[in-house]
Amino acid sequence: MEKIVWSELLKNAAKICIVGHVKPDGDCIGSCLGLRNYLFDCFPDLHVDVYLETYRDVYQYMRFAEEVLHEETPKCVYDLGIALDCSEGRIGAGKGCFASAGKTVCIDHHISNVGFADVNLILPHASSTAEVLCGLFEMEKISKETAECLYTGISHDTGIFKYSNTSGRTMRIAADLMEKGVDFTRILNETILEQEYRKNRFFGFCLYQSQRILDGFCIWSSVSREQMEQMGVSDRDTSGIVEKLRDTKGADCAFFLYETEPNLYRVSMRSKGKIDVSRICGQFGGGGHVQAAGCSIAGTPEQIAAMVSEEIKKQML
């Protein structure tokens, strides 16, 4: 399936819930609120709720961000549930509402998503879920408020249009969104480029602790929960570290570990193209894209690094 006809999908759907993945990022937040705004502008009679786990205040410029629900409302039943940017196992807030909805839809761009809803639209060639949504919306009906959300999603998942998932189509869509009056400079500065001092200090700590392995082909680093607490940072502050590691000259891939529970680490992997990190993360119950993926693994950082490096070596042969 390459298309969704909203008028048909929304028939008999008076109450709709939109959900995203755990630890929502810019694409997830931008996509969920982008769809919320588009439905408000085009189908104002609908009741639409967005469920997302808590996220940074820098995204509050998006319309309806203040109405996002972080916990499920008891006995709230929806006619239609729409999951964006996530596989079934990664749905965060609102998982129960989505599961109990009369009809479900999944819209995503992750190649590891095999589809789990009644209607599935998964386009791995798209840079982001926000880009997929742009293809489903009528551009002339996209308001400035909707465009702000979608531009946020695309710019985040393309690394400000520098990752290999950026296509000519991606750039044309971004240009169309900019022409809606989007303050793109503010969005990029406040949600991506500007960092609080404590986060910059945390980045420096993680980079200082990094190690090169496989003759410099890969670089990795880790941080314990105790260290994170000492530095006053949370899981959300880890975003961007693995990209900094991957950008090391001479390295093709990188992975970063941070402790989420005692002896359990979240693993974020990135590559420049020679290594398919989605295959590696898939071996440990995770997934993602060829050049960006993640999973969770139990063990010490050294044990996990050894397991991951063995999977990397298999692809180097």
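Strand β7 (residues 218-223) and strand β8 (residues 253-261) run side by side in the parallel sense, joined by 6 bridges. Strands here are DSSP runs of E with at least two residues, helices are runs of H or I with at least four residues, and both are numbered from the N terminus. Two strands count as paired if DSSP finds at least two bridges between them. The model is a predicted one, so local features need pLDDT of at least 70 and side-chain atom pairs count only at pLDDT 80 or more, while totals for chains, interfaces and linings use all residues. Residues are numbered from 1 along each chain as its sequence is written, and side-chain values use heavy atoms, with hydrogens and water left out.

Back to β7 and its partners. Across from W220 stands F255 in β8, and C218 has C253 in β8 as its bridge partner. C218 is also the bridge partner of I213. Strands β6 and β7 run antiparallel and are joined by 3 bridges. Their hairpin has 4 residues between the strands, and L214 takes a positive phi near 55° there. The wider picture is an open sheet of 6 strands with mixed pairing, in the order β6-β7-β8-β9-β11-β10. At its edges sit β6 (211-213) and β10 (287-288), each pairing on one side only.

How much of β7 is buried? The count is 6 of its 6 residues, where buried means under 20% relative accessible area, exposed means over 50%, and partly exposed lies in between (1.4 Å probe, protein chains only). In a regular strand the side chains alternate between the two faces of the sheet. For β7, one side carries C218, W220 and S222 and the other carries I219, S221 and V223, all of them buried. Helix α12 (residues 301-316) lies across β6, β7, β8, β9 and β11 (292-298), at about 145° to β8. Such angles run from 0 to 180 degrees between N-to-C directions, with axes being lines fitted to C-alpha atoms, for helices over the stretch in contact.

Strand β9 (residues 264-271) is home to R270. Is this arginine buried or exposed? R270 counts as buried because its relative accessible area is 17%, under the 20% limit. Leaving out residues up to four places away in sequence, R270 touches V242, E243, R246, D252, C253, A254, V277, Q291, A292 and A293, a contact being heavy atoms within 4.5 Å. With E243 there is also a side-chain polar contact of 2.8 Å. A polar contact is a pair of N or O atoms within 3.5 Å; within protein, one must be able to donate a hydrogen and the other to accept it, and residues adjacent in sequence count only if both atoms are side-chain atoms. R270 and T129 are 141 residues apart along the chain, and their C-alpha atoms are separated by 19 Å.

T129 belongs to another part of the model, where a second open sheet turns up. Its 5 strands pair in parallel, in the order β2-β1-β3-β4-β5. The edges are β2 (47-51) and β5 (119-122); each has a single partner strand, so one side of each is left without a neighbour in the sheet. Direction ignored, neighbouring strands of this sheet are turned by 15° against each other on average. Inside the sheet, strand β3 (residues 80-84) and strand β4 (residues 103-108) run parallel with 5 bridges between them, and L84 stands opposite I107 in β4.

Two helices lie over these strands. Helix α2 crosses β1 (15-19), β2 and β3 at about 160° to β1, whereas α4 lies across β3, β4 and β5 at about 115° to β4. Helix α4 (residues 129-136) is mostly covered, with 7 of its 8 residues buried; among them are T129, E131 and L136. E131 is also one of the contacts of T170, a residue of helix α6 (residues 168-178). T170 counts as buried because its relative accessibility is 0%.

Nonpolar side chains tend to be buried together in soluble globular proteins. A nonpolar core is a set of buried Ala, Val, Leu, Ile, Met, Phe, Trp, Tyr and Cys residues joined through side-chain atoms within 4.5 Å. The largest core has 54 residues, and W6 and I107 touch the most other members. Helix α2 (residues 26-42) gives the most to this core, with 7 residues. Apart from it lies another core of 21 residues, including F217, M269, C281 and A305.
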